[in-house]
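Student: Could we go through this structure together? I'd like to know how the labels people attach to residues and helices are reached.

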Amino acid sequence: MKLQRKNRRALAFGALAVSGALALTACGSDDTSDGGGSSAASTANASSIKCDDAKGQLLADGSSAQKNAIDAWVKQFTQACGVQINYKGGGSGAGVTAFNNGQVAFAGSDSALKPEEVTASKKVCSGGQGIDLPMVGGPIALGINLSGVDKLTLDAPTIAKIFNAKISNWNDPAIAKLNPGVKLPDLKIQAFHRSDDSGTTDNFTKYLIATAKSDWPYEHGKTWVAKGGQSAAQSSGVAQQVKQTNGAIGYFELSYAKDGITPVSIDTGASAAVEPTVDNATKAIADAKVIGTGSDLALELNYGTKAEGAYPMVLVTYEIVCDKGNKSDTLAATKAFLRYTASEDGQKVLADNDYAPIPEDIIAKVRTTIEGLS
């Protein structure tokens with residue numbers, strides 16, 4: 001009996017090594033994490049994962065915003081179940097396209113499916129359609145690399161003007177007014193945005209429309225349309241450009257705002273500027289409403305919140321699956337993995353990796369929906 005346990009354990013760890021190699025090959029420099037979940041509590045979670053009949057390999061693609069969270073989950077899930085998961089993290093647009101082409105078991109997107117994308121999904125979801133399951137929350141951090149400045153506050157109009165090339169220098173009066181006592185350099189602003197179709201871009205521009213529409217004369221969307229600035233692929237690419245460029249600013253998830261990047265606080269009109277933290281993002285996400293119908297759990301976020309301590313520039317990443325018509329050879333593994341990510345243990349992993357857990361009343365609905373996938 002002891003020998004059998006040792007063999008099962010060896011197989012699980014062997015599969016983990018293979019999964020790690022696959023992920024590195026697929027993601028390249030986009031994998032900026034060590035797999036996350038380093039706390040003792042997260043490591044212990046592997047023993048509580050319900051594998052059922054999960055087996056084989058899952059291919060997935062999509063949001064780079066949740067890449068660090070996925071890496072942490074995969075580490076625990078593969079150790080427990082021996083299932084190989086290759087999540088490419090090529091961006092929300094790439095994920096939705098891959099899902100609707102039948103190339104992946106599930107996709108991650110920081111924007112809910114559009115009506116035309118739902119229609120397209122019916123071709124691969126036999127007798128069903130693609131649905132949105134909110135799984136990962138968190139703040140979209142504005143990060144700067146500005147020599148001599150270790151704390152900065154901006155408001156929505158100023159952010160809009162910076163990313164629309166209307167404010168081009170760091171000592172601009174509008175920035176100085178928001179930062180009394182801070183010595184701002186006479187230095188050109190280098191604003192970086194996403195080059196790929198990105199749900200992070202979609203949420204960032206939704207925030208600007210909701211809070212600074214007169215300074216942001218564009219529609220929201222996954223594709224960047226404003227003038228000026230420089231671009232990079234995926235969240236990790238934008239973060240890397242900010243790290244290596246003095247005078248840079250970019251937007252990405254909080255887990256990327258480290259190692260030489262200074263997160264920016266936002267003046268929302270509350271009594272104090274709000275920092276991009278997990279707790280502050282959770283306060284904003286808790287105000288979201290479910291607007292999806294049927295099994296779909298798409299949310300409407302309140303980007304214009306002025307509640308004390310609520311960080312308004314947030315996103316929710318959805319896992320996209322078929323409600324009915326999932327491929328039989330990957331259904332068991334997909335359900336087992338999503339069941340784990342939506343579980344109490346799985347959601348605890350998020351806070352360990354600078355993400356915000358989904359509020360309990362919403363994640364409870366996600367858990368129920370996962371059990372009904374077929």
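Student: Which residues does Arg339 touch, not counting residues up to four places away in sequence?

Tutor: Keep in mind that this is a predicted model. In it, Arg339 touches Lys50, Asp52, Ile370 and Glu371. Arg339 itself sits in helix H11, residues 328-342.

Student: Why is Arg339 called buried?

Tutor: Put the value next to the cut-off. Buried means under 20% relative accessible area. Arg339 has 17%, so Arg339 counts as buried.

Student: What makes H11 and H12 oblique to each other?

Tutor: Start with the angle: the axes of H11 and helix H12 (residues 344-352) cross at roughly 60 degrees and come within 4 Å. Angles under 35 degrees count as roughly parallel, and 65 to 115 as roughly perpendicular. Roughly 60 degrees fits neither label, and therefore the two helices are oblique.

Student: Which residues make that contact?

Tutor: From H11 come Tyr340, Thr341 and Ala342, and from H12 come Glu344, Asp345, Gly346, Gln347 and Val349. By class, that contact has three nonpolar, three polar and two charged residues.

Student: What is unusual about phi in Gln234?

Tutor: Most residues other than glycine have a negative phi. Gln234 is not a glycine, yet its phi is positive, about 60 degrees. You'll find Gln234 in helix H9, residues 234-243.

Student: And is Gln234 buried or exposed?

Tutor: Buried: its relative accessibility is 17%, and the label needs a value under 20%.

Student: Where is Asp354, and what is its phi?

Tutor: Asp354 lies in the loop between H12 and helix H13 (360-371). Its phi is near 70 degrees, a positive value in a residue other than glycine.

Student: Why is Asp354 called partly exposed?

Tutor: Its relative accessible area is 30%. Buried stops under 20% and exposed starts over 50%, so 30% falls in between and Asp354 is partly exposed.

Student: How do you know that Leu373 is buried?

Tutor: Leu373 has 5% relative accessibility, which is under 20%, so the label is buried. Leu373 belongs to the segment after H13. Not counting residues up to four places away in sequence, Leu373 touches Ile131, Val321, Cys322, Asp323, Asn326, Leu331, Lys335 and Leu338. The C-alpha atoms of Leu373 and Lys324 are separated by 6.0 Å, and these residues are 49 residues apart along the chain.

Student: Now the empty spaces. What makes something a cavity rather than a pocket?

Tutor: A cavity is space where a 1.4 Å probe fits but cannot get out, whereas a pocket is open. The search finds one cavity of 30 Å³ or more, and the largest cavity has a volume of about 40 Å³.

Student: Which residues line the largest cavity?

Tutor: Among them are Ala65, Gln66, Pro139, Leu315 and Tyr355. Asp354, from our phi discussion, lines the largest cavity too. Strand E4 (130-145) and E13 each give two or more residues, and E4 gives the most, with four.

Student: What about the largest pocket: how much space lies in it, and which residues lie nearest its centre?

Tutor: About 290 Å³ lies in the largest pocket. Nearest its centre are Ser111, Ala112, Asp202, Lys206 and Leu299, out of 19 lining residues. Helix H8 (199-212) gives the most to that lining, with three residues. By class, the lining has ten nonpolar, three polar and six charged residues.

Conventions. Residues are numbered from 1 along each chain as its sequence is written. This is a predicted model: local features need pLDDT of at least 70, side-chain atom pairs count only at pLDDT 80 or more; totals for chains, interfaces and linings use all residues. Side-chain values use heavy atoms; hydrogens and water are left out. On a 1 Å grid over the protein atoms alone, a cavity is a set of points where a 1.4 Å probe fits but cannot get out, and a pocket is an open set with protein on both sides within 12 Å along at least five of seven lines; lining residues have an atom within 4 Å of a point. Grid points are joined across faces, edges and corners, and a volume is the space filled by probe spheres set on the points. Ala, Val, Leu, Ile, Met, Phe, Trp, Tyr, Cys and Pro count as nonpolar, Asp, Glu, Lys and Arg as charged, and the others, Gly among them, as polar. Buried means under 20% relative accessible area, exposed over 50%, partly exposed in between (1.4 Å probe, protein chains only). Contact means heavy atoms within 4.5 Å. Axes are lines fitted to C-alpha atoms, for helices over the stretch in contact, and angles run from 0 to 180 degrees between N-to-C directions. Angles under 35 degrees count as roughly parallel, over 145 as roughly antiparallel, 65 to 115 as roughly perpendicular and the rest as oblique.
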